[in-house]
Amino acid sequence: MLVTGANSGIGLATAIELARQGLRTVGSVRSEAKAEVLVQAAAEAGVEVEVVLLDVNDPDRGAEVVEALDLWGLVNNAGYAVTGAVEDVGEAEARALFDTMVFSPMRLARLALPAMRARGEGRIVNVSSIAGRVSSPFGGWYAGAKHAIEALSDALRVEVAG
């Protein structure tokens with residue numbers, strides 16, 4: 001199982017729990033400092049979590065990691081929040097958010113699917129939020145990304161079903 005954004009929050013908790021369940025777990029992080037956080041948390045939990053350096057927005061590195069792991073499962077968790085009025089968030093910042101929280105998870109899913117199909121099984125989990133269902137003021141861009149991942153996940157679920 002590959003868990004992106006595994007150095008804090010939901011990603012860290014997911015990586016630790018998957019390892020507790022006895023699954024080979026690989027957590028991706030963007031830096032050596034974040035890798036240390038994951039290694040220490042896994043040691044404290046008494047589990048083993050492998051660590052890979054991966055910026056999910058780097059298509060070449062994503063392809064290398066997915067190919068090397070021959071994944072059974074993928075948890076797309078990496079992400080961050082952008083807050084501010086829709087009119088105040090610049091296009092570059094909005095695109096960066098969508099790259100991280102929409103395009104990159106779908107790219108990793110596309111990369112993981114061939115091995116899953118060859119194996120005849122696998123799981124892809126795209127971490128979302130209540131913001132994927134309900135928007136709020138000053139959270140429009142974040143909600144938009146979460147809405148998008150919800151819609152794409154729903155379509156993907158049907159497209160890859162048996």
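This tour goes through a predicted model, with a selection to make at each stop and a description of what is found there.

**Helix α2**

Begin by selecting residues 32-45, which form helix α2. At 1.5 Å a residue, these 14 residues should span 20 Å, and because the C-alpha atoms at the two ends are 20 Å apart, the computed length agrees with that expectation.

Within this helix, now colour A35, L38, A41 and A42, which are its buried residues. Seen around the axis, they cover an arc of only 130°, which means that they lie on the same side of α2. Then turn to the other side of the helix, where E32, A33, E36, A43 and E44 are exposed.

To see what the buried side faces, add residues 9-20, 26-29 and 50-53 to the selection: these are α1, β2 and β3 respectively, and the buried residues of α2 pack against them. Before leaving the helix, step on to G46, which follows α2 and has a positive phi, near 75°.

**Strands β2 and β3**

Keep α2 in view while selecting the two strands, since β2, α2 and β3 together make a right-handed β-α-β unit. The strands β2 and β3 run parallel and are joined by four bridges, and if you pick out V29 you will find it standing opposite L53 in β3.

Next select S28, which lies in strand β2. Is this serine, S28, buried or exposed? Its relative accessibility is 1%, and because a residue under 20% is classed as buried, S28 counts as buried. To display its surroundings, show L2, V3, T4, G5, A6, V52 and L54, with which S28 is in contact once its neighbours within four places in sequence are left aside.

**The aromatic pair**

For the last stop, move to the aromatic side chains, where a search of the whole structure finds one aromatic pair. Select F98 and W141: their ring centres are 6.3 Å apart and their planes meet at 85°, so the pair is edge-to-face. Which helices does this pair link? F98 belongs to helix α4 (residues 91-119) and W141 to helix α5 (residues 140-160), so that selecting both helices shows how the pair links distant parts of the chain, 43 residues apart. Finish on W141 alone, whose relative accessibility of 25% is the reason that it counts as partly exposed.

How values were computed. Residues are numbered from 1 along each chain as its sequence is written. This is a predicted model: local features need pLDDT of at least 70, side-chain atom pairs count only at pLDDT 80 or more; totals for chains, interfaces and linings use all residues. Side-chain values use heavy atoms; hydrogens and water are left out. The expected span of a helix is 1.5 Å times one less than its number of residues. Buried means under 20% relative accessible area, exposed over 50%, partly exposed in between (1.4 Å probe, protein chains only). The arc is that of the directions from the helix axis to the C-beta atoms. Contact means heavy atoms within 4.5 Å. Two strands pair if DSSP finds at least two bridges between them. A crossover is right-handed if, with the strands pointing away from the viewer, the path from the first strand over the helix to the second runs clockwise. Rings of Phe, Tyr and Trp (its six-membered ring) pair if their centres lie within 6.5 Å; planes under 30 degrees apart count as stacked, over 60 as edge-to-face and the rest as tilted.
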